[in-house]
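Here are my notes after a first pass through the model, as numbered points. Have it open alongside while you read.

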Amino acid sequence: MNDGRAVRAVYPGSFDPPTNGHLDVIERAARCFEELIVAVVVNPQKREPMFTLEEREAMIRDCVKNLANVRVEHFRGLLADYVREQRAAVIIKGLRVVSDFESEMSTALMNRALSDVDTMFLMSDQRYSFVSSSIVKEVFFLGGDVAALVPDPVMRLMAAKRATLRTT
Ligand code: PNS
């Protein structure tokens with residue numbers, strides 16, 4: 001039954017790789033909405049991703065396999081168009097620290113201008129306030145221990161990727 005309230009939400013991101021902070025937001029959003037789509041962007045804006053689209057999707061699927069109302073998809077192009085195609089009413093974004101809000105606010109307003117979709121922000125657990133995909137990658141590939149910052153399936157794939165890079 002849906003009386004017009006949001007049942008389906010989209011949590012978009014690059015997830016290159018997914019971190020415990022991402023997973024924390026996914027778990028929180030899955031408790032709030034009937035259905036959550038974790039939407040992996042095909043081509044992240046920032047730079048060439050370290051992990052392929054297939055790897056990023058597989059890592060998240062592995063992490064959310066016990067969350068029955070979460071599915072993992074990918075999208076290209078405008079997020080606002082994708083959200084409309086999925087007939088989702090809400091975009092979920094995680095906020096770690098106040099400075100995240102600055103860029104997120106303009107993005108949220110642009111997405112609302114484009115497709116009348118609202119963005120809801122969830123605070124990730126404060127244990128992850130310093131955790132980002134880029135910092136995890138940098139520390140890991142320089143030999144640092146990031147096991148407490150990423151889910152186990154991600155740790156395994158990162159280790160495999162590092163081994164491949166060393167042999168090539
Ligand atoms: O995990 P990220 O890299 O912070 O995620 C950024 C993402 C994928 C949410 C953002 O880059 C995005 O929405 N890309 C799709 C293109 C788009 O709609 N751009 C206009 C945003 S106002």
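1. First, a term: two strands pair if DSSP finds at least two bridges between them. In this predicted model, strand β1 (residues 8-13) and β2 run parallel and are joined by 6 bridges. To get the register, look at Arg-8, which sits opposite Glu-35 in β2. Between the two strands the chain passes through helix α1 (residues 20-32), and this β-α-β crossover is right-handed.

2. Now follow β2 to its other partner in these notes. β2 also pairs with strand β3 (residues 70-75), in the parallel sense and again over 6 bridges. Here the register can be read from Ile-37, whose bridge partner in β3 is Arg-71. The link from β2 to β3 goes through helix α2 (residues 53-63), giving a right-handed β-α-β crossover.

3. How much of β2 is buried? For strand β2 (residues 35-41), 6 of the 7 residues are buried, so the strand is largely enclosed by the rest of the structure. A general reminder for when you inspect the side chains: in a regular strand they alternate between the two faces of the sheet.

4. Further along the chain there is another parallel pair. β4 pairs with strand β5 (residues 118-123) over 6 bridges, in the parallel sense. Ile-92 stands opposite Met-120 in β5. Together, β4, α4 and β5 form a right-handed β-α-β unit.

5. The loop between β4 and α4 is worth a look too, as it holds Arg-96. With a relative accessibility of 30%, Arg-96 counts as partly exposed, because that value lies between the 20% and 50% cut-offs. Arg-96 and Asp-125 are 29 residues apart along the chain, yet their C-alpha atoms are separated by 7.9 Å.

6. On to the largest pocket, which holds about 1,200 Å³ of space. Which residues come closest to its centre? Of the 41 residues in the lining, those are Gly-13, Ser-14, Lys-46, Lys-93 and Glu-104. If you plan to set up a grid there, note the make-up of the lining of the largest pocket: 15 residues are nonpolar, 16 polar and 10 charged.

7. As for where that lining comes from, β1, α1, β4 (90-95), α4 (98-115) and α5 (133-141) each supply at least two residues. The largest share belongs to α4, with 7 residues. So much for the pocket.

8. A quick check on the cysteines. The disulfide count is 0. Cys-32 is in no disulfide, and the nearest cysteine sulfur, that of Cys-63, is 19 Å away. Cys-63 is likewise in no disulfide, with the sulfur of Cys-32 as its nearest at 19 Å. Is Cys-63 buried or exposed? Cys-63 is buried, because its relative accessible area of 18% falls under the 20% cut-off.

9. Last, a contact across the sequence. Asp-152 belongs to helix α6 (residues 152-167). At 54% relative accessibility, Asp-152 counts as exposed, because the value is over 50%. Asp-152 and Thr-19 are 133 residues apart in sequence, and from C-alpha to C-alpha they are 9.9 Å apart in space.

Definitions and conventions:
Residues are numbered from 1 along each chain as its sequence is written. This is a predicted model: local features need pLDDT of at least 70, side-chain atom pairs count only at pLDDT 80 or more; totals for chains, interfaces and linings use all residues. Side-chain values use heavy atoms; hydrogens and water are left out. Buried means under 20% relative accessible area, exposed over 50%, partly exposed in between (1.4 Å probe, protein chains only). Helices (H or I, at least four residues) and strands (E, at least two) are DSSP runs, numbered from the N terminus. A crossover is right-handed if, with the strands pointing away from the viewer, the path from the first strand over the helix to the second runs clockwise. A disulfide is a pair of cysteine sulfur atoms within 2.5 Å. On a 1 Å grid over the protein atoms alone, a cavity is a set of points where a 1.4 Å probe fits but cannot get out, and a pocket is an open set with protein on both sides within 12 Å along at least five of seven lines; lining residues have an atom within 4 Å of a point. Grid points are joined across faces, edges and corners, and a volume is the space filled by probe spheres set on the points. Ala, Val, Leu, Ile, Met, Phe, Trp, Tyr, Cys and Pro count as nonpolar, Asp, Glu, Lys and Arg as charged, and the others, Gly among them, as polar.
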